Amino acid sequence: MFVYKVISKNHYSPETGAYISFGISAYDPEHGQTCFVPDVFIDESEARAFTERLNTLQVSPIHLIDVIEDALGV
């Protein structure tokens, strides 16, 4: 079983100023953090809804990048 969490990080860009981005982290309760994808969302509620879906569907961390790209239309 994997547990996905939202991780926030403060940033600063000369073009846009200060902002917060939200990444997705996958945890294995037996082994700790298995992977982390930073700067996926800039909207916290969107990040939390996405993470909730990952937890519900129990997406394997090996597919996390592909699932994120599909969700963002990349």
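Tutor: Before we start, one term is needed: two strands are said to pair if DSSP finds at least two bridges between them. Please also keep in mind that this is a predicted model.

Student: How many helices and strands does the chain have, and in which order do the elements run?

Tutor: The chain has two helices and three strands. If we read from the N terminus on, the strands come before the helices, and the order of the elements is β-β-β-α-α.

Student: Which residue in β3 stands opposite Ile24?

Tutor: Strand β2 covers residues 17–28, while β3 covers residues 32–41. These two strands run antiparallel and are joined by six bridges. In one such pair of opposite residues, Ser25 faces Phe36 of β3, and the residue of β3 that stands opposite Ile24 is Val37.

Student: How many bridges join β1 to β2?

Tutor: Strand β1 spans residues 3–13, and it forms a hairpin with β2 in which three residues lie between the two strands. Among the partners across this pairing are Ser8 and, in β2, Phe22. The two strands run antiparallel, and the number of bridges that join them is eleven.

Student: Which strands stand at the edges of the sheet?

Tutor: The three strands form an open sheet with antiparallel pairing, in the order β1-β2-β3. Each edge strand has a single partner strand, so one side of it is left without a neighbour in the sheet, and the strands in this position are β1 and β3.

Student: By how many degrees are neighbouring strands of this sheet turned against each other on average?

Tutor: The strands in question belong to the open sheet with the order β1-β2-β3. When direction is ignored, the average turn between neighbours in this sheet is 25 degrees.

Student: What angle does the direction of helix α1 make with that of β1?

Tutor: Helix α1, which consists of residues 44–57, packs on the sheet and touches β1, β2 and β3. Helix α2, with residues 64–72, also lies across these three strands, and it runs at about 20 degrees to β3. For α1 compared with β1, the angle between the directions is about 155 degrees.

Student: How many residues does the largest nonpolar core have?

Tutor: In general, nonpolar side chains of soluble globular proteins tend to be buried together. Here, the residues with the most contacts inside the largest core are Tyr4, Ile24, Phe41, Leu54, Leu64 and Ile68. Each of β1, β2, β3, α1 and α2 supplies at least two residues of this core, and the number of residues in it is 14.

Student: Is His11 buried or exposed?

Tutor: His11, in strand β1, touches Gly17, Ala18, Tyr19, Ser21 and Asp39 when residues up to four places away in sequence are not counted. With Asp39 it also shares a polar contact of 2.9 Å between side chains. The relative accessibility of His11 is 17%, and because buried means under 20%, His11 counts as buried.

Student: Which residue forms a salt bridge with Glu44, and how far apart are the closest N and O atoms?

Tutor: The structure holds one salt bridge. Its two members are four residues apart in helix α1, so about one helical turn separates Glu44 from Arg48. Both are partly exposed, Glu44 with a relative accessible area of 37% and Arg48 with 44%. The residue that forms the salt bridge with Glu44 is Arg48, and the closest N and O atoms are 3.0 Å apart.

Student: How far apart in space are Gly32 and Gly17?

Tutor: Gly32 belongs to strand β3 and is partly exposed, with a relative accessible area of 26%. Leaving aside its neighbours within four places in sequence, Gly32 is in contact with Ala26 and Tyr27. Although Gly32 and Gly17 are 15 residues apart in sequence, their C-alpha to C-alpha separation in space is 34 Å.

Student: What share of the residues of the chain counts as buried?

Tutor: The C-alpha atoms of the chain fill a box of roughly 40 × 25 × 20 Å, taken along the principal axes. Among the contacts between residues at least 6 apart in sequence, 38% join residues at least 24 apart. The chain has 74 residues, and the share of them that counts as buried is 31%.

Terms used: Residues numbered from 1 in each chain as written. Predicted model: local features only at pLDDT ≥ 70, side-chain atom pairs only at ≥ 80, totals over all residues. Heavy atoms only, no water. Buried < 20%, exposed > 50% of the residue type's maximum accessible area, 1.4 Å probe, protein only. Contact = heavy atoms within 4.5 Å. Polar contact = N/O pair within 3.5 Å; in protein donor to acceptor, adjacent residues only side chain to side chain. Axes fitted to C-alpha atoms, helices over the stretch in contact; angles between N-to-C directions. Core = buried A, V, L, I, M, F, W, Y, C linked by side-chain atoms within 4.5 Å. Salt bridge = Lys/Arg side-chain N within 4 Å of Asp/Glu carboxyl O.
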